Amino acid sequence: MTESPVKRLSGRGRFISFEGGEGSGKSTQIKKLKERLDAAKLRNIVTREPGGSPGAEIIRHLVLSGMGKLLGPDAETLLFAAARDDHVRTVIQPALAQGSWVLCDRFSDSTRAYQGRLGRVPPALLNAMQRVTIGDLEPDLTFILDVPVEIGLKRAAARRGSAAPDRFEAEDVKFHHELRDAYREIAAAEPERCVLIDASADANTVASSVWAALRDRFFVSTPANEASPA
Ligand code: TYD
C-alpha cells in the first residue's frame with residue numbers, strides 16, 4: 001500500500017480558502033491542490049463564493065449581473081452574506097464535519113476587501129454580517145494569491161475572450177490596485193491564518209509554494225519519502 005508522505009493531524013477536515021484579485025489564478029491553484037490531496041488520499045470538496053450551494057448560486061447570478069451595485073454597497077453586502085449563510089450551513093459545515101477538506105474559491109476576506117475596503121462598507125456592518133453567517137468558522141488557512149495588477153487583468157481578459165467583463169472585472173485599474181493593497185494588508189494582519197503567495201510565476205511554481213505552505217501548517221514532513229507518524 002502506498003502511504004502518504006505526510007501525516008494528517010486530526011480527524012476533522014481542514015477549511016482552506018483562496019483569495020486574490022482578478023486573474024490571480026485561484027481556480028488553477030485549487031485544481032492543482034485538489035490533485036495533491038486526492039493523491040494523498042485526503043477526502044476533499046471544491047467550492048466557491050459567491051455560490052457553492054443552489055440557493056447561493058442564485059444570489060451569485062444576481063450579484064455578478066450588476067444588480068447588487070444598483071442597490072448600493074450595504075445592500076450588496078447583505079446579498080453576499082445571504083449567499084454565504086446558505087453555503088456555510090448546507091455545504092461547508094457538513095463537509096468539514098464528515099472529515100472532508102474544503103477548498104473554497106473566495107470566502108470572507110473577499111467581503112473585507114471588495115465591500116469593506118473598496119465599497120467603504122462600515123466595519124460594524126461587516127462584523128455583524130460575519131457573526132451571523134460564519135460565527136467563528138474562520139478558514140484554517142487562507143492563500144492570498146498576489147499578482148501585479150497589470151498581469152492579473154491581462155490574464156482575466158485572456159480567459160474571458162470575447163465575453164463581457166462581469167461586475168467587478170469592469171472596475172477601473174485604480175480599483176484593482178486598491179484591491180491588491182487590501183489583500184496584502186489582510187495577509188500582513190493575520191499571518192497565522194494567511195499566506196501571501198507570489199502568483200506571478202508559472203502555475204506549477206505557484207502550486208509548489210502552495211503545497212509547501214500547506215505541508216508546513218498541517219503535516220509533519222518526513223526525512224525520506226516514507227510516512228513517519230510524529
Ligand atoms: P468570479 O467570477 O468568481 O471571479 P473570480 O474568478 O475573480 O473569483 O466572481 C466573483 C466576484 O465577486 C469577484 O469579482 C469578487 C466578488 N466578491 C465580492 O465582492 N464579495 C464577496 O464576498 C465575494 C465572495 C466575492
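This note covers a helix pair, the ligand surroundings and three hydroxyl-bearing residues in a predicted model.

1. **Packing of α4 and α5.** Helix α4 spans residues 73–97, and helix α5 spans residues 108–118. Their axes come within 11 Å of each other. The crossing angle is roughly 175 degrees. Angles over 145 degrees count as roughly antiparallel, so α4 is described that way relative to α5.

2. **Who makes the helix contact.** From α4, the contributors are Glu76, Thr77, Phe80 and Arg84. From α5, they are Ser108, Thr111 and Gln115. By class, the contact has four polar residues, two charged and one nonpolar.

3. **Threonine 111 in its helix.** Threonine 111 sits in helix α5. Its relative accessible area is 10%. The cut-off for buried is under 20%, so threonine 111 counts as buried. Beyond four places in sequence, threonine 111 touches Thr77, Arg84, Gly116 and Leu126. Thr77 and Arg84 are also among the α4 residues of the helix contact.

4. **Ligand surroundings.** How many residues surround the ligand? There are 16. The closest are Lys26, Arg106, Thr111, Tyr114 and Gln115. Thr111 and Gln115 also belong to the α5 side of the contact with α4.

5. **Polar atoms facing the ligand.** Three side chains deserve a look here. A polar side-chain atom of threonine 111 is 2.6 Å from a ligand oxygen atom. For arginine 106, an N or O atom of the side chain lies 2.7 Å from an oxygen atom of the ligand. For arginine 60, a polar side-chain atom is 3.1 Å from an oxygen atom of the ligand.

6. **Serine 110.** Serine 110 is also in helix α5. Is serine 110 buried or exposed? Its relative accessible area is 8%, so serine 110 is buried. With neighbours within four places in sequence set aside, the contacts of serine 110 are Glu19, Gln115 and Tyr183. Gln115 appears again here; it is listed among the closest residues to the ligand as well.

7. **Threonine 205.** This residue is elsewhere, in helix α9, residues 203–218. Its relative accessibility is 38%. Buried needs under 20% and exposed needs over 50%, so threonine 205 is classed as partly exposed. The side chain of threonine 205 makes a polar contact of 2.6 Å with the side chain of aspartate 202.

8. **Where to look.** Start at threonine 111. This residue is part of the α4–α5 contact, is buried, and places a polar side-chain atom 2.6 Å from an oxygen atom of the ligand.

How values were computed
Residues are numbered from 1 along each chain as its sequence is written. This is a predicted model: local features need pLDDT of at least 70, side-chain atom pairs count only at pLDDT 80 or more; totals for chains, interfaces and linings use all residues. Side-chain values use heavy atoms; hydrogens and water are left out. Axes are lines fitted to C-alpha atoms, for helices over the stretch in contact, and angles run from 0 to 180 degrees between N-to-C directions. Helices (H or I, at least four residues) and strands (E, at least two) are DSSP runs, numbered from the N terminus. Angles under 35 degrees count as roughly parallel, over 145 as roughly antiparallel, 65 to 115 as roughly perpendicular and the rest as oblique. Contact means heavy atoms within 4.5 Å. Ala, Val, Leu, Ile, Met, Phe, Trp, Tyr, Cys and Pro count as nonpolar, Asp, Glu, Lys and Arg as charged, and the others, Gly among them, as polar. Buried means under 20% relative accessible area, exposed over 50%, partly exposed in between (1.4 Å probe, protein chains only). A residue is near a molecule or strand if one of its heavy atoms lies within 4 Å of it. A polar contact is a pair of N or O atoms within 3.5 Å; within protein, one must be able to donate a hydrogen and the other to accept it, and residues adjacent in sequence count only if both atoms are side-chain atoms.
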